[in-house]
Amino acid sequence: MRPAHLPQAAARPAAQPVLLRLGAAAALTLALGACATVAPTPQAPRGMPERWQAPVPAASEIAAAHGGRVEDLAQWWAQFDDPALARLISAAQANNGSVVQARARIEQARASLRSAGAANVPRVDGGVSASRATQAGGPITNSAAASLDTLWEIDLFGVGRANRSAALAQLQASEAAWHDARVSIAAELGQAYVNYRSCEQLVQVLQADASSQRVSADLTERKVRAGLESPANGALVQASAANSALSLVGQQSQCEVQIKSLVALTALPEAEVRQLLGAGAAVLPQPRAFAVEVLPAQWLTQRPDLRNLERQAAAALRDVDAAQADRWPRLTLSGSISRARISGVGGAPATSANTWSIGPALSLPIFDAGRRSAAVDQARARYDEIRSQYEQRARDAVREVEEALVKLDAAQRREADARTAATGFAAFLEAQRKRTEAGAGSLLDLEDARRTALSAQSSLINIQTERIQAWISLYRAVGGGWSGDAPVPTATAQASGR
(Lines give C-alpha, C1' and ligand atoms only; values in the text may rest on other atoms or scores of the structure.)
Protein backbone atom coordinates (compact mmCIF):
# COMPACT_ATOMS: atom_id res chain seq x y z
CA MET A 1 0.00 0.00 0.00
CA ARG A 2 1.41 3.40 -1.02
CA PRO A 3 1.35 6.24 1.59
CA ALA A 4 -1.34 8.79 0.84
CA HIS A 5 0.93 11.83 1.09
CA LEU A 6 3.06 10.76 -1.89
CA PRO A 7 2.13 12.33 -5.23
CA GLN A 8 -0.36 10.06 -6.99
CA ALA A 9 1.08 10.82 -10.40
CA ALA A 10 4.36 9.23 -9.36
CA ALA A 11 2.66 5.89 -8.76
CA ARG A 12 0.73 5.65 -12.03
CA PRO A 13 3.57 4.93 -14.51
CA ALA A 14 4.65 1.87 -12.51
CA ALA A 15 1.08 0.60 -12.17
CA GLN A 16 0.03 1.03 -15.80
CA PRO A 17 2.07 -1.88 -17.28
CA VAL A 18 0.69 -4.19 -14.59
CA LEU A 19 -2.86 -3.07 -15.33
CA LEU A 20 -2.35 -3.53 -19.05
CA ARG A 21 -1.04 -7.06 -18.59
CA LEU A 22 -3.88 -7.94 -16.27
CA GLY A 23 -6.36 -6.42 -18.73
CA ALA A 24 -4.94 -8.53 -21.56
CA ALA A 25 -5.21 -11.66 -19.44
CA ALA A 26 -8.78 -10.75 -18.57
CA ALA A 27 -9.72 -10.25 -22.20
CA LEU A 28 -8.23 -13.62 -23.10
CA THR A 29 -10.15 -15.29 -20.28
CA LEU A 30 -13.43 -13.74 -21.41
CA ALA A 31 -12.76 -14.82 -24.99
CA LEU A 32 -12.17 -18.39 -23.86
CA GLY A 33 -15.33 -18.28 -21.76
CA ALA A 34 -17.40 -17.12 -24.72
CA CYS A 35 -16.30 -20.19 -26.65
CA ALA A 36 -17.58 -22.63 -24.03
CA THR A 37 -21.15 -21.60 -23.26
CA VAL A 38 -22.95 -24.47 -24.97
CA ALA A 39 -23.33 -27.76 -23.15
CA PRO A 40 -22.32 -30.90 -25.08
CA THR A 41 -25.04 -33.15 -26.41
CA PRO A 42 -25.19 -36.65 -24.88
CA GLN A 43 -25.32 -39.63 -27.18
CA ALA A 44 -28.69 -40.71 -28.58
CA PRO A 45 -30.53 -43.44 -26.67
CA ARG A 46 -29.32 -46.93 -27.40
CA GLY A 47 -31.44 -49.83 -28.60
CA MET A 48 -34.01 -47.83 -30.54
CA PRO A 49 -36.04 -49.90 -33.08
CA GLU A 50 -35.49 -49.32 -36.78
CA ARG A 51 -39.21 -48.96 -37.50
CA TRP A 52 -42.61 -49.20 -35.85
CA GLN A 53 -44.00 -52.68 -35.37
CA ALA A 54 -47.63 -51.57 -35.07
CA PRO A 55 -49.55 -50.57 -38.23
CA VAL A 56 -49.31 -46.86 -39.05
CA PRO A 57 -52.31 -44.97 -40.49
CA ALA A 58 -52.83 -45.81 -44.14
CA ALA A 59 -51.64 -43.31 -46.73
CA SER A 60 -55.15 -43.15 -48.18
CA GLU A 61 -56.54 -42.09 -44.82
CA ILE A 62 -53.96 -39.33 -44.47
CA ALA A 63 -54.72 -38.10 -47.98
CA ALA A 64 -58.42 -38.07 -47.17
CA ALA A 65 -57.56 -35.87 -44.20
CA HIS A 66 -56.06 -33.22 -46.50
CA GLY A 67 -52.51 -34.47 -46.17
CA GLY A 68 -52.16 -33.87 -42.43
CA ARG A 69 -48.54 -33.77 -41.25
CA VAL A 70 -46.89 -34.01 -37.84
CA GLU A 71 -45.71 -30.42 -38.28
CA ASP A 72 -49.36 -29.34 -38.35
CA LEU A 73 -50.02 -30.76 -34.89
CA ALA A 74 -49.33 -27.39 -33.26
CA GLN A 75 -52.71 -26.28 -34.64
CA TRP A 76 -54.27 -29.74 -34.53
CA TRP A 77 -56.97 -28.87 -32.02
CA ALA A 78 -58.28 -26.06 -34.21
CA GLN A 79 -58.87 -28.66 -36.95
CA PHE A 80 -61.47 -30.44 -34.81
CA ASP A 81 -63.87 -27.66 -35.84
CA ASP A 82 -65.12 -27.55 -32.24
CA PRO A 83 -64.90 -24.00 -30.79
CA ALA A 84 -65.76 -25.23 -27.29
CA LEU A 85 -62.82 -27.66 -27.29
CA ALA A 86 -60.42 -25.01 -28.60
CA ARG A 87 -61.54 -22.53 -25.93
CA LEU A 88 -61.18 -25.06 -23.11
CA ILE A 89 -57.70 -26.10 -24.24
CA SER A 90 -56.63 -22.47 -24.50
CA ALA A 91 -57.86 -21.83 -20.96
CA ALA A 92 -56.13 -24.94 -19.62
CA GLN A 93 -52.79 -23.98 -21.17
CA ALA A 94 -53.06 -20.51 -19.68
CA ASN A 95 -54.38 -21.38 -16.21
CA ASN A 96 -53.52 -24.98 -15.36
CA GLY A 97 -51.12 -25.30 -12.46
CA SER A 98 -48.69 -27.63 -14.23
CA VAL A 99 -48.20 -25.14 -17.08
CA VAL A 100 -47.96 -22.13 -14.75
CA GLN A 101 -45.39 -23.95 -12.62
CA ALA A 102 -43.38 -24.84 -15.74
CA ARG A 103 -43.35 -21.16 -16.72
CA ALA A 104 -42.10 -20.25 -13.25
CA ARG A 105 -39.30 -22.82 -13.55
CA ILE A 106 -38.21 -21.17 -16.81
CA GLU A 107 -37.83 -17.84 -15.00
CA GLN A 108 -35.86 -19.57 -12.25
CA ALA A 109 -33.54 -21.10 -14.85
CA ARG A 110 -33.08 -17.73 -16.56
CA ALA A 111 -32.13 -16.15 -13.25
CA SER A 112 -29.67 -18.99 -12.58
CA LEU A 113 -28.11 -18.44 -16.00
CA ARG A 114 -27.66 -14.73 -15.30
CA SER A 115 -26.12 -15.57 -11.94
CA ALA A 116 -23.73 -18.10 -13.50
CA GLY A 117 -22.70 -15.60 -16.16
CA ALA A 118 -22.07 -12.90 -13.56
CA ALA A 119 -19.52 -15.12 -11.83
CA ASN A 120 -17.09 -14.48 -14.73
CA VAL A 121 -17.43 -10.69 -14.49
CA PRO A 122 -15.53 -8.52 -11.99
CA ARG A 123 -17.52 -7.63 -8.89
CA VAL A 124 -17.45 -4.05 -7.66
CA ASP A 125 -18.63 -3.02 -4.18
CA GLY A 126 -18.80 0.42 -2.67
CA GLY A 127 -18.96 1.46 0.96
CA VAL A 128 -19.21 4.60 3.08
CA SER A 129 -18.83 5.05 6.81
CA ALA A 130 -18.92 7.85 9.39
CA SER A 131 -18.07 7.96 13.12
CA ARG A 132 -17.61 10.34 16.04
CA ALA A 133 -15.24 9.28 18.83
CA THR A 134 -12.92 10.30 21.65
CA GLN A 135 -10.21 8.43 23.53
CA ALA A 136 -9.23 8.83 27.22
CA GLY A 137 -10.79 12.25 27.54
CA GLY A 138 -9.02 13.54 24.46
CA PRO A 139 -10.57 15.72 21.82
CA ILE A 140 -13.61 14.59 19.93
CA THR A 141 -12.93 13.64 16.34
CA ASN A 142 -15.20 13.09 13.37
CA SER A 143 -14.19 10.68 10.65
CA ALA A 144 -15.71 9.76 7.30
CA ALA A 145 -14.51 7.27 4.67
CA ALA A 146 -15.56 6.05 1.23
CA SER A 147 -14.19 3.02 -0.55
CA LEU A 148 -14.53 1.15 -3.83
CA ASP A 149 -13.51 -2.52 -3.93
CA THR A 150 -13.35 -4.97 -6.82
CA LEU A 151 -12.81 -8.72 -6.96
CA TRP A 152 -12.46 -10.87 -10.05
CA GLU A 153 -11.82 -14.60 -10.20
CA ILE A 154 -10.05 -15.30 -13.47
CA ASP A 155 -11.51 -18.51 -14.87
CA LEU A 156 -8.24 -20.25 -15.70
CA PHE A 157 -9.53 -23.85 -15.67
CA GLY A 158 -13.14 -23.31 -16.74
CA VAL A 159 -15.17 -23.61 -13.55
CA GLY A 160 -17.22 -20.53 -14.41
CA ARG A 161 -17.58 -21.51 -18.05
CA ALA A 162 -18.78 -24.99 -17.11
CA ASN A 163 -21.27 -23.60 -14.60
CA ARG A 164 -22.66 -21.16 -17.15
CA SER A 165 -22.92 -23.89 -19.77
CA ALA A 166 -24.76 -26.12 -17.28
CA ALA A 167 -27.13 -23.27 -16.43
CA LEU A 168 -27.83 -22.72 -20.12
CA ALA A 169 -28.64 -26.40 -20.58
CA GLN A 170 -30.94 -26.28 -17.56
CA LEU A 171 -32.74 -23.31 -19.09
CA GLN A 172 -33.21 -25.24 -22.32
CA ALA A 173 -34.50 -28.20 -20.30
CA SER A 174 -37.00 -25.95 -18.52
CA GLU A 175 -38.22 -24.56 -21.83
CA ALA A 176 -38.74 -28.08 -23.17
CA ALA A 177 -40.57 -29.02 -19.95
CA TRP A 178 -42.93 -26.07 -20.48
CA HIS A 179 -43.74 -27.28 -23.99
CA ASP A 180 -44.25 -30.79 -22.64
CA ALA A 181 -46.63 -29.48 -19.99
CA ARG A 182 -48.65 -27.67 -22.65
CA VAL A 183 -48.84 -30.76 -24.87
CA SER A 184 -49.76 -32.96 -21.90
CA ILE A 185 -52.49 -30.69 -20.60
CA ALA A 186 -53.94 -30.31 -24.10
CA ALA A 187 -54.11 -34.10 -24.47
CA GLU A 188 -55.57 -34.56 -20.99
CA LEU A 189 -58.17 -31.86 -21.57
CA GLY A 190 -58.99 -33.29 -25.00
CA GLN A 191 -59.54 -36.77 -23.57
CA ALA A 192 -61.73 -35.42 -20.76
CA TYR A 193 -63.77 -33.42 -23.31
CA VAL A 194 -64.25 -36.46 -25.56
CA ASN A 195 -65.29 -38.53 -22.55
CA TYR A 196 -67.88 -35.92 -21.67
CA ARG A 197 -69.31 -35.81 -25.20
CA SER A 198 -69.39 -39.61 -25.27
CA CYS A 199 -71.16 -39.59 -21.91
CA GLU A 200 -73.76 -37.19 -23.34
CA GLN A 201 -74.43 -39.54 -26.23
CA LEU A 202 -74.88 -42.47 -23.86
CA VAL A 203 -77.28 -40.36 -21.83
CA GLN A 204 -79.32 -39.68 -24.95
CA VAL A 205 -79.47 -43.40 -25.74
CA LEU A 206 -80.54 -44.23 -22.17
CA GLN A 207 -83.09 -41.42 -22.13
CA ALA A 208 -84.72 -42.78 -25.27
CA ASP A 209 -84.68 -46.28 -23.80
CA ALA A 210 -86.12 -45.11 -20.46
CA SER A 211 -88.86 -43.16 -22.23
CA SER A 212 -89.76 -46.20 -24.31
CA GLN A 213 -89.77 -48.39 -21.21
CA ARG A 214 -92.12 -46.03 -19.38
CA VAL A 215 -94.60 -46.15 -22.28
CA SER A 216 -94.38 -49.94 -22.40
CA ALA A 217 -94.84 -50.18 -18.64
CA ASP A 218 -97.99 -48.03 -18.76
CA LEU A 219 -99.52 -50.04 -21.60
CA THR A 220 -98.69 -53.34 -19.94
CA GLU A 221 -100.12 -52.18 -16.62
CA ARG A 222 -103.44 -51.36 -18.31
CA LYS A 223 -103.45 -54.78 -19.99
CA VAL A 224 -102.81 -56.49 -16.65
CA ARG A 225 -105.75 -54.64 -15.05
CA ALA A 226 -107.93 -55.64 -18.00
CA GLY A 227 -106.85 -59.26 -17.70
CA LEU A 228 -105.16 -59.23 -21.11
CA GLU A 229 -101.64 -59.71 -19.73
CA SER A 230 -100.29 -61.81 -16.91
CA PRO A 231 -99.07 -60.12 -13.69
CA ALA A 232 -95.66 -61.74 -14.28
CA ASN A 233 -95.24 -59.93 -17.59
CA GLY A 234 -96.39 -56.74 -15.93
CA ALA A 235 -93.72 -57.14 -13.24
CA LEU A 236 -91.10 -57.82 -15.93
CA VAL A 237 -91.91 -54.62 -17.80
CA GLN A 238 -91.97 -52.57 -14.59
CA ALA A 239 -88.60 -53.99 -13.57
CA SER A 240 -87.16 -53.17 -16.99
CA ALA A 241 -88.41 -49.59 -16.75
CA ALA A 242 -86.88 -49.20 -13.28
CA ASN A 243 -83.59 -50.63 -14.49
CA SER A 244 -83.52 -48.19 -17.42
CA ALA A 245 -84.17 -45.24 -15.09
CA LEU A 246 -81.42 -46.52 -12.78
CA SER A 247 -78.90 -46.71 -15.64
CA LEU A 248 -79.87 -43.23 -16.83
CA VAL A 249 -79.26 -41.63 -13.44
CA GLY A 250 -75.91 -43.38 -13.13
CA GLN A 251 -74.80 -42.17 -16.57
CA GLN A 252 -75.93 -38.61 -15.84
CA SER A 253 -73.87 -38.59 -12.66
CA GLN A 254 -70.79 -39.66 -14.66
CA CYS A 255 -71.33 -36.67 -16.96
CA GLU A 256 -71.45 -34.38 -13.94
CA VAL A 257 -68.15 -35.81 -12.73
CA GLN A 258 -66.62 -35.11 -16.17
CA ILE A 259 -67.72 -31.47 -15.91
CA LYS A 260 -65.94 -31.19 -12.56
CA SER A 261 -62.77 -32.52 -14.23
CA LEU A 262 -63.00 -29.93 -16.99
CA VAL A 263 -63.44 -27.15 -14.43
CA ALA A 264 -60.35 -28.32 -12.51
CA LEU A 265 -58.24 -28.57 -15.69
CA THR A 266 -59.20 -25.16 -17.08
CA ALA A 267 -59.59 -23.16 -13.84
CA LEU A 268 -62.68 -21.57 -15.42
CA PRO A 269 -65.90 -20.94 -13.48
CA GLU A 270 -68.22 -23.90 -13.72
CA ALA A 271 -70.99 -21.74 -15.15
CA GLU A 272 -68.72 -20.72 -18.05
CA VAL A 273 -67.69 -24.34 -18.67
CA ARG A 274 -71.32 -25.44 -18.77
CA GLN A 275 -72.12 -22.65 -21.19
CA LEU A 276 -69.32 -23.74 -23.49
CA LEU A 277 -70.40 -27.37 -23.31
CA GLY A 278 -73.97 -26.47 -24.20
CA ALA A 279 -72.95 -25.29 -27.68
CA GLY A 280 -72.21 -28.70 -29.21
CA ALA A 281 -74.14 -31.08 -27.01
CA ALA A 282 -73.70 -34.82 -27.56
CA VAL A 283 -71.51 -34.42 -30.66
CA LEU A 284 -68.15 -36.21 -30.66
CA PRO A 285 -65.35 -34.01 -32.07
CA GLN A 286 -63.77 -35.52 -35.17
CA PRO A 287 -59.95 -35.38 -35.28
CA ARG A 288 -57.92 -34.81 -38.38
CA ALA A 289 -55.56 -37.63 -39.32
CA PHE A 290 -51.82 -36.98 -39.52
CA ALA A 291 -48.81 -38.88 -40.78
CA VAL A 292 -46.38 -40.68 -38.47
CA GLU A 293 -42.70 -40.98 -39.32
CA VAL A 294 -41.83 -44.59 -40.14
CA LEU A 295 -38.41 -44.35 -38.46
CA PRO A 296 -38.50 -43.81 -34.68
CA ALA A 297 -35.15 -42.00 -34.81
CA GLN A 298 -36.73 -39.23 -36.90
CA TRP A 299 -39.54 -38.93 -34.40
CA LEU A 300 -37.43 -38.73 -31.23
CA THR A 301 -36.62 -35.07 -31.85
CA GLN A 302 -40.35 -34.25 -31.67
CA ARG A 303 -40.76 -35.18 -28.00
CA PRO A 304 -40.29 -32.21 -25.62
CA ASP A 305 -39.99 -34.53 -22.61
CA LEU A 306 -37.03 -36.27 -24.26
CA ARG A 307 -35.51 -32.90 -25.09
CA ASN A 308 -35.91 -31.98 -21.43
CA LEU A 309 -34.01 -35.04 -20.21
CA GLU A 310 -31.39 -34.72 -22.94
CA ARG A 311 -30.66 -31.13 -21.83
CA GLN A 312 -30.59 -32.20 -18.18
CA ALA A 313 -28.00 -34.82 -19.12
CA ALA A 314 -26.00 -32.13 -20.93
CA ALA A 315 -26.11 -29.95 -17.82
CA ALA A 316 -24.94 -32.89 -15.72
CA LEU A 317 -21.98 -33.36 -18.06
CA ARG A 318 -20.95 -29.75 -17.54
CA ASP A 319 -21.37 -30.17 -13.78
CA VAL A 320 -18.78 -32.96 -14.02
CA ASP A 321 -16.43 -30.56 -15.83
CA ALA A 322 -16.99 -27.89 -13.17
CA ALA A 323 -16.31 -30.35 -10.35
CA GLN A 324 -13.07 -31.49 -12.02
CA ALA A 325 -11.92 -27.92 -12.66
CA ASP A 326 -12.58 -27.03 -9.03
CA ARG A 327 -9.68 -29.33 -8.07
CA TRP A 328 -7.19 -26.96 -9.72
CA PRO A 329 -5.75 -23.63 -8.41
CA ARG A 330 -7.83 -20.45 -8.52
CA LEU A 331 -6.54 -17.02 -9.50
CA THR A 332 -8.27 -13.87 -8.29
CA LEU A 333 -7.54 -10.22 -8.92
CA SER A 334 -8.58 -7.70 -6.30
CA GLY A 335 -8.34 -3.94 -6.05
CA SER A 336 -9.40 -1.21 -3.66
CA ILE A 337 -9.59 2.58 -3.63
CA SER A 338 -10.50 4.52 -0.47
CA ARG A 339 -10.57 8.06 0.82
CA ALA A 340 -10.77 8.97 4.50
CA ARG A 341 -11.16 12.35 6.25
CA ILE A 342 -10.66 13.03 9.98
CA SER A 343 -11.57 16.34 11.60
CA GLY A 344 -11.51 17.52 15.20
CA VAL A 345 -13.95 19.62 17.19
CA GLY A 346 -12.98 23.16 18.17
CA GLY A 347 -11.09 24.21 15.10
CA ALA A 348 -8.61 21.34 15.03
CA PRO A 349 -7.15 20.86 11.52
CA ALA A 350 -8.67 18.14 9.31
CA THR A 351 -6.57 15.44 7.68
CA SER A 352 -7.31 13.36 4.59
CA ALA A 353 -5.88 10.08 3.37
CA ASN A 354 -6.21 8.41 -0.04
CA THR A 355 -5.19 4.77 -0.46
CA TRP A 356 -5.36 2.20 -3.27
CA SER A 357 -4.22 -1.35 -3.84
CA ILE A 358 -4.33 -3.91 -6.64
CA GLY A 359 -2.90 -7.38 -7.01
CA PRO A 360 -3.49 -11.04 -7.85
CA ALA A 361 -3.91 -13.93 -5.42
CA LEU A 362 -3.45 -17.63 -6.19
CA SER A 363 -5.31 -20.26 -4.16
CA LEU A 364 -3.82 -23.77 -4.19
CA PRO A 365 -5.92 -26.72 -2.95
CA ILE A 366 -3.60 -28.81 -0.80
CA PHE A 367 -5.73 -30.97 1.49
CA ASP A 368 -9.53 -31.17 1.72
CA ALA A 369 -10.01 -34.75 2.98
CA GLY A 370 -11.34 -35.84 -0.43
CA ARG A 371 -14.17 -33.28 -0.65
CA ARG A 372 -13.41 -32.20 -4.22
CA SER A 373 -12.85 -35.77 -5.39
CA ALA A 374 -16.19 -36.76 -3.87
CA ALA A 375 -17.85 -33.88 -5.68
CA VAL A 376 -16.53 -35.20 -8.99
CA ASP A 377 -17.82 -38.71 -8.23
CA GLN A 378 -21.19 -37.29 -7.21
CA ALA A 379 -21.47 -35.29 -10.44
CA ARG A 380 -20.60 -38.35 -12.52
CA ALA A 381 -23.18 -40.46 -10.71
CA ARG A 382 -25.76 -37.74 -11.27
CA TYR A 383 -25.01 -37.80 -14.99
CA ASP A 384 -25.33 -41.59 -15.08
CA GLU A 385 -28.71 -41.31 -13.35
CA ILE A 386 -30.09 -38.74 -15.78
CA ARG A 387 -28.62 -40.61 -18.73
CA SER A 388 -30.48 -43.75 -17.60
CA GLN A 389 -33.69 -41.76 -17.19
CA TYR A 390 -33.24 -40.40 -20.72
CA GLU A 391 -32.83 -43.85 -22.25
CA GLN A 392 -35.71 -45.34 -20.24
CA ARG A 393 -37.98 -42.46 -21.20
CA ALA A 394 -37.10 -43.01 -24.85
CA ARG A 395 -38.07 -46.68 -24.56
CA ASP A 396 -41.31 -45.73 -22.82
CA ALA A 397 -42.02 -43.21 -25.55
CA VAL A 398 -41.62 -45.90 -28.21
CA ARG A 399 -44.08 -48.05 -26.28
CA GLU A 400 -46.57 -45.17 -26.08
CA VAL A 401 -46.49 -44.68 -29.84
CA GLU A 402 -46.83 -48.41 -30.47
CA GLU A 403 -49.79 -48.69 -28.10
CA ALA A 404 -51.54 -45.68 -29.64
CA LEU A 405 -51.06 -47.12 -33.14
CA VAL A 406 -52.44 -50.51 -32.08
CA LYS A 407 -55.50 -48.97 -30.42
CA LEU A 408 -56.12 -46.68 -33.36
CA ASP A 409 -55.92 -49.52 -35.87
CA ALA A 410 -58.20 -51.73 -33.79
CA ALA A 411 -60.81 -49.01 -33.27
CA GLN A 412 -60.85 -48.11 -36.96
CA ARG A 413 -61.31 -51.74 -38.00
CA ARG A 414 -64.06 -52.34 -35.41
CA GLU A 415 -66.09 -49.21 -36.02
CA ALA A 416 -67.70 -50.28 -39.30
CA ASP A 417 -68.81 -53.62 -37.85
CA ALA A 418 -70.09 -51.90 -34.70
CA ARG A 419 -72.15 -49.49 -36.80
CA THR A 420 -73.61 -52.37 -38.82
CA ALA A 421 -74.46 -54.25 -35.62
CA ALA A 422 -76.11 -51.22 -34.00
CA THR A 423 -78.20 -50.52 -37.09
CA GLY A 424 -79.25 -54.16 -37.46
CA PHE A 425 -80.19 -54.66 -33.82
CA ALA A 426 -82.13 -51.39 -33.77
CA ALA A 427 -84.14 -52.56 -36.80
CA PHE A 428 -84.74 -55.93 -35.15
CA LEU A 429 -85.93 -54.24 -31.95
CA GLU A 430 -88.41 -52.13 -33.88
CA ALA A 431 -89.73 -55.23 -35.66
CA GLN A 432 -90.00 -57.16 -32.40
CA ARG A 433 -91.88 -54.27 -30.81
CA LYS A 434 -94.43 -54.23 -33.62
CA ARG A 435 -94.86 -58.04 -33.35
CA THR A 436 -95.42 -57.76 -29.61
CA GLU A 437 -97.96 -54.97 -30.00
CA ALA A 438 -99.78 -57.13 -32.55
CA GLY A 439 -99.82 -60.04 -30.12
CA ALA A 440 -97.46 -62.23 -32.12
CA GLY A 441 -94.42 -61.81 -29.88
CA SER A 442 -93.66 -62.19 -26.18
CA LEU A 443 -92.55 -59.48 -23.80
CA LEU A 444 -89.56 -61.63 -22.89
CA ASP A 445 -88.37 -61.65 -26.52
CA LEU A 446 -88.93 -57.90 -26.70
CA GLU A 447 -86.85 -57.37 -23.56
CA ASP A 448 -83.99 -59.46 -24.99
CA ALA A 449 -84.10 -57.48 -28.24
CA ARG A 450 -84.11 -54.20 -26.32
CA ARG A 451 -81.07 -55.14 -24.23
CA THR A 452 -79.18 -56.30 -27.30
CA ALA A 453 -79.94 -53.11 -29.25
CA LEU A 454 -78.98 -50.94 -26.27
CA SER A 455 -75.70 -52.80 -25.86
CA ALA A 456 -74.89 -52.50 -29.58
CA GLN A 457 -75.57 -48.75 -29.60
CA SER A 458 -73.44 -48.23 -26.49
CA SER A 459 -70.63 -50.31 -28.03
CA LEU A 460 -70.66 -48.15 -31.16
CA ILE A 461 -70.35 -44.98 -29.08
CA ASN A 462 -67.53 -46.49 -27.01
CA ILE A 463 -65.61 -47.62 -30.10
CA GLN A 464 -65.98 -44.18 -31.71
CA THR A 465 -64.69 -42.68 -28.47
CA GLU A 466 -61.76 -45.12 -28.44
CA ARG A 467 -60.82 -44.09 -31.99
CA ILE A 468 -60.75 -40.39 -31.07
CA GLN A 469 -58.88 -41.12 -27.84
CA ALA A 470 -56.33 -43.13 -29.82
CA TRP A 471 -55.69 -40.14 -32.10
CA ILE A 472 -55.23 -37.92 -29.04
CA SER A 473 -52.85 -40.45 -27.47
CA LEU A 474 -50.89 -40.59 -30.72
CA TYR A 475 -50.79 -36.79 -30.80
CA ARG A 476 -49.29 -36.83 -27.31
CA ALA A 477 -46.91 -39.71 -28.06
CA VAL A 478 -45.33 -38.01 -31.09
CA GLY A 479 -44.73 -34.75 -29.25
CA GLY A 480 -47.80 -32.72 -30.15
CA GLY A 481 -46.11 -30.85 -32.99
CA TRP A 482 -43.44 -29.38 -30.73
CA SER A 483 -40.16 -28.25 -32.26
CA GLY A 484 -36.99 -26.80 -30.83
CA ASP A 485 -37.74 -23.46 -32.52
CA ALA A 486 -41.06 -23.01 -30.70
CA PRO A 487 -41.25 -19.76 -28.69
CA VAL A 488 -41.15 -19.81 -24.92
CA PRO A 489 -42.79 -17.39 -22.49
CA THR A 490 -41.06 -14.31 -21.13
CA ALA A 491 -41.74 -12.44 -17.95
CA THR A 492 -43.42 -9.68 -19.97
CA ALA A 493 -45.70 -12.15 -21.73
CA GLN A 494 -46.65 -13.74 -18.41
CA ALA A 495 -47.49 -10.38 -16.88
CA SER A 496 -49.77 -9.54 -19.79
CA GLY A 497 -51.48 -12.93 -19.61
CA ARG A 498 -50.29 -14.22 -23.00
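**Close-up views of a predicted model**

**View 1. Four strands make one open sheet.** The 4 strands of this open sheet follow the order β1-β2-β3-β4, and their pairing is antiparallel. β1 (123-133) and β4 (351-363) stand at the edges. Each has a single partner strand, so one side of each is left without a neighbour in the sheet. On average, neighbouring strands are turned by 15° against each other, direction ignored. The model shown here and in the other views is predicted. Strands of a sheet pair through backbone hydrogen bonds, either parallel or antiparallel.

**View 2. β1 pairs with β2 at one end of the strand order.** The two strands run antiparallel and are joined by 11 bridges. To find the register, start at Val 124: this residue stands opposite Thr 150 in β2. β1 covers residues 123-133 and is an edge strand. β2 spans residues 141-154.

**View 3. β2 pairs with β3 in the middle of the strand order.** How many bridges do β2 and β3 share? The count is 14, and the sense is antiparallel. Two residue pairs mark the register. Leu 151 has Ser 334 in β3 as its bridge partner. Ala 146 stands opposite Arg 339, also in β3.

**View 4. β3 pairs with the edge strand β4.** β3 takes in residues 330-344 and pairs with β4 in the antiparallel sense over 13 bridges. Leu 333 stands opposite Pro 360 in β4. In a regular strand the side chains alternate between the two faces of the sheet.

**View 5. Helices α5 and α9 pack against each other.** Their axes lie 8 Å apart, at an angle of about 165°. An angle over 145 degrees counts as roughly antiparallel. α5 and α9 are therefore roughly antiparallel to each other. Their crossing is left-handed. Which residue classes meet in this contact? The contact has 12 nonpolar, 7 polar and 8 charged residues. α9 covers residues 304-325, and α5 covers residues 159-225.

**View 6. The largest cavity is lined by residues from several helices.** The structure holds 3 cavities of 30 Å³ or more. The largest has a volume of about 120 Å³. Four elements give two or more residues each to its lining: α5 (159-225), α6 (231-266), α10 (371-437) and α11 (443-477). Which element gives the most? That is α11, with 4 residues. Lining residues include Gln 213, Ser 216, Leu 236, Val 237 and Ser 240. Also among them are Leu 429, Arg 433, Leu 443, Leu 446, Glu 447 and Arg 450. By class, the lining has 5 nonpolar, 3 polar and 3 charged residues.

**View 7. The second largest cavity has lining residues from β2 and β3.** About 60 Å³ of space lies inside. β2 (141-154) and β3 are the elements that give two or more residues to the lining. Among the lining residues are Glu 153, Ile 154, Asp 155, Leu 156, Phe 157 and Val 159. Ala 325, Trp 328, Pro 329, Arg 330 and Leu 331 also line this cavity. The lining divides into 8 nonpolar, no polar and 3 charged residues.

Note on methods: Residues are numbered from 1 along each chain as its sequence is written. This is a predicted model: local features need pLDDT of at least 70, side-chain atom pairs count only at pLDDT 80 or more; totals for chains, interfaces and linings use all residues. Side-chain values use heavy atoms; hydrogens and water are left out. Two strands pair if DSSP finds at least two bridges between them. Axes are lines fitted to C-alpha atoms, for helices over the stretch in contact, and angles run from 0 to 180 degrees between N-to-C directions. On a 1 Å grid over the protein atoms alone, a cavity is a set of points where a 1.4 Å probe fits but cannot get out, and a pocket is an open set with protein on both sides within 12 Å along at least five of seven lines; lining residues have an atom within 4 Å of a point. Grid points are joined across faces, edges and corners, and a volume is the space filled by probe spheres set on the points. Ala, Val, Leu, Ile, Met, Phe, Trp, Tyr, Cys and Pro count as nonpolar, Asp, Glu, Lys and Arg as charged, and the others, Gly among them, as polar. Angles under 35 degrees count as roughly parallel, over 145 as roughly antiparallel, 65 to 115 as roughly perpendicular and the rest as oblique. A crossing is left-handed if the near helix is turned anticlockwise from the far one by less than a right angle, and right-handed if clockwise.
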